Amino acid sequence: MTFPLTTGVRASAEIARKDLSRMNRYKTIIKSAAKKYCVDPSVVAGIISRESHAGAALKDGWGDGGNGFGLMQVDKRSHRPVGKWNSQEHLNQGTGILVSMINGIKRKFPKWTKEQQLKGGISAYNAGVGNVRTYAGMDIGTTHNDYANDVVERAKFYKRNGY
């Protein structure tokens with residue numbers, strides 16, 4: 001399956017729409033991981049869409065040249081992936097990593113609003129807390145320099161679709 005390399009709000013929502021039927025297979029475990037870590041399930045779904053197109057971009061559960069594992073593409077260079085690529089255990093791990101990134105951004109930028117900290121944490125999920133230097137420039141250095149903006153737009157789509 002191929003996906004267009006277009007950018008912007010409309011492109012993000014369109015890609016999320018294309019991933020929706022596959023995403024729905026994982027809705028229960030997405031909601032469970034999100035509840036466990038007090039994160040909006042639409043954000044987890046947005047990351048899954050961006051990272052793996054709900055599994056469509058993976059080969060035997062692996063992506064990113066063999067470095068990213070599972071729906072949330074846990075990077076084996078930074079973490080020891082756990083569970084099967086599409087399991088509750090994997091989603092718990094990925095969501096836990098996301099929360100650790102959000103908390104890192106909260107410590108780094110305590111005066112940012114909760115929404116800004118969440119978006120910064122999403123950016124950090126891709127490129128690390130150290131990469132986030134300003135709110136306006138948080139995506140500089142992320143994959144295609146649009147990671148958080150893209151994930152947020154996909155998350156909005158999933159929120160409107162029951163996540």
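Helices and strands are here taken as DSSP runs, of at least four residues for a helix and at least two for a strand, and they are numbered from the N terminus. By this convention aspartate 64 falls in the loop between the strands β1 (62-63) and β2 (68-69). The model described is a predicted one.

Aspartate 64 is also a convenient place to begin, since an unreviewed UniProt entry lists Glu51 and Asp64 under "active site". Apart from neighbours within four places in sequence, aspartate 64 is in contact with Gln73, Asp75 and Arg77. With arginine 77 the contact includes a salt bridge between the side chains, at 3.4 Å from N to O. This pair joins distant parts of the chain, 13 residues apart, as arginine 77 belongs to the loop between β3 (74-75) and α4. Arginine 77 forms a salt bridge with aspartate 75 as well, where the closest N and O atoms are 2.6 Å apart. Because exposed means over 50% relative accessible area, arginine 77 counts as exposed at 57%.

The other listed residue, glutamate 51, is found in helix α3. Its relative accessible area is 21%, so it is partly exposed, given that buried means under 20%. Not counting residues up to four places away in sequence, glutamate 51 touches Leu71, Met72, Gln73, Tyr125, Asn126 and Tyr147.

Isoleucine 48 leads from here into the interior. Among the residues it touches beyond four places in sequence are Met23, Ile30, Leu71, Met72 and Leu91. In the largest nonpolar core, which has 39 residues, Ile30 and Ile48 touch the most other members. Two or more residues of this core come from each of α1, α2, α3, α4 (88-108), α5 (114-127) and α6. Helix α4 gives the most, with seven residues.

Helix α1 can be followed in more detail. At 1.5 Å a residue, its 16 residues (9-24) should span 22 Å, and the end C-alpha atoms are indeed 22 Å apart. The helix nevertheless bends by about 40° at lysine 18. Its buried residues include Ile15, Asp19, Leu20, Arg22 and Met23, and the buried residues of α1 pack against α2 (27-37), α3 (41-52) and α6 (147-160).

Charged side chains add further links. The whole structure holds ten salt bridges. Asp19, Arg22, Arg50, Asp146, Asp150 and Arg154 are linked in a network of them. Elsewhere, lysine 159 pairs with aspartate 40 in a salt bridge, with the closest N and O atoms 2.8 Å apart. This pair connects helix α6 with the loop between α2 and α3, across 119 residues of the chain. Lysine 159 is partly exposed at 47% relative accessible area, and aspartate 40 is partly exposed at 29%.

Definitions and conventions. Residues are numbered from 1 along each chain as its sequence is written. This is a predicted model: local features need pLDDT of at least 70, side-chain atom pairs count only at pLDDT 80 or more; totals for chains, interfaces and linings use all residues. Side-chain values use heavy atoms; hydrogens and water are left out. The expected span of a helix is 1.5 Å times one less than its number of residues. The bend at a residue is the angle between axes fitted to the seven residues ending there and the seven starting there. Buried means under 20% relative accessible area, exposed over 50%, partly exposed in between (1.4 Å probe, protein chains only). Contact means heavy atoms within 4.5 Å. A nonpolar core is a set of buried Ala, Val, Leu, Ile, Met, Phe, Trp, Tyr and Cys residues joined through side-chain atoms within 4.5 Å. UniProt positions are given in the numbering used here, feature names are shortened, and annotations may be inferred rather than shown by experiment. A salt bridge is a side-chain nitrogen of Lys or Arg within 4 Å of a carboxyl oxygen of Asp or Glu.
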